[in-house]
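Me: Hey, could you walk me through this structure with a few quick questions and answers?

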Amino acid sequence: MPKVNSRWDMALLAVYGALLGMLLAMMEQFCHAFCPASWHYVPEGDLVAHVLIEFVVFALAGATLLAAIAAIRNWLGGAR
């Protein structure tokens, strides 16, 4: 069992955040592909570029969010 004042690993949480962001991007693309309410939506330009940009943005956002949460928790917790 970890100690109460143990530090959170920012790098590991950033990886988890990136994976979570990519999962959310996949879920959004699945909904665009298979939900009838989204069938009228067609992005401008190349579809592959659109999907890849969304994957990168969601991954960066998830990694940044969870790394920031770990940094704030470590800073406020006074962990050594």
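Here come some questions and replies about this predicted model.

Me: At roughly what angle do the axes of H1 and helix H2 cross?
Reply: Start with the two helices: H1 covers residues 10–34, and H2 covers residues 47–77. Their axes come within 7 Å of each other. The crossing is right-handed, and the angle is roughly 145°.

Me: By class, how many nonpolar residues does the contact of H1 with H2 have?
Reply: H1 passes H2 in a right-handed crossing. By class, their contact has two charged residues and five polar ones. The nonpolar count there is 18.

Me: Is Leu 19 buried, partly exposed or exposed?
Reply: Leu 19 sits in helix H1. Buried would need a relative accessible area under 20%, and exposed would need one over 50%. Leu 19 comes in at 49%, so the label is partly exposed.

Me: About how many Å² does the nonpolar surface patch with Leu 19 have?
Reply: Leu 19 has company here: Leu 12, Val 15, Tyr 16 and Met 22 make the patch together with it. The area of that nonpolar surface patch is about 440 Å².

Me: Is Ser 38 buried or exposed?
Reply: You'll find Ser 38 in the loop between H1 and H2. Its relative accessible area is 13%. The cut-off for that lowest class is under 20%, so Ser 38 is buried.

Me: What separates the C-alpha atoms of Ser 38 and Asn 74?
Reply: Ser 38 is the loop residue we just met. Along the chain, Ser 38 and Asn 74 are 36 residues apart. In space, their C-alpha atoms are separated by 41 Å.

Me: Is Thr 64 buried or exposed?
Reply: Thr 64 lies in helix H2. Its relative accessibility is 54%. Anything over 50% passes the cut-off, so Thr 64 counts as exposed.

Me: How many Å apart in space are Ala 68 and Ala 18, C-alpha to C-alpha?
Reply: Ala 68 is in helix H2, and its relative accessibility of 34% makes it partly exposed. In sequence, Ala 68 and Ala 18 are 50 residues apart. C-alpha to C-alpha, the gap in space is 13 Å.

Me: And what separates the C-alpha atoms of Ile 72 and Tyr 41?
Reply: Ile 72 is placed in helix H2 and is partly exposed, at 45% relative accessible area. Ile 72 and Tyr 41 are 31 residues apart along the chain. Their C-alpha atoms are separated by 39 Å.

Note on methods. Residues are numbered from 1 along each chain as its sequence is written. This is a predicted model: local features need pLDDT of at least 70, side-chain atom pairs count only at pLDDT 80 or more; totals for chains, interfaces and linings use all residues. Side-chain values use heavy atoms; hydrogens and water are left out. Patches are made of residues with over 30% relative accessible area and no salt bridge: like charges are joined within 9 Å, nonpolar side chains (Val, Leu, Ile, Met, Phe, Trp, Tyr) within 5 Å. Accessible areas come from the Shrake-Rupley method with a 1.4 Å probe; for residues, only the protein chains shown count as cover. A salt bridge is a side-chain nitrogen of Lys or Arg within 4 Å of a carboxyl oxygen of Asp or Glu. Helices (H or I, at least four residues) and strands (E, at least two) are DSSP runs, numbered from the N terminus. Buried means under 20% relative accessible area, exposed over 50%, partly exposed in between (1.4 Å probe, protein chains only). Axes are lines fitted to C-alpha atoms, for helices over the stretch in contact, and angles run from 0 to 180 degrees between N-to-C directions. A crossing is left-handed if the near helix is turned anticlockwise from the far one by less than a right angle, and right-handed if clockwise. Ala, Val, Leu, Ile, Met, Phe, Trp, Tyr, Cys and Pro count as nonpolar, Asp, Glu, Lys and Arg as charged, and the others, Gly among them, as polar.
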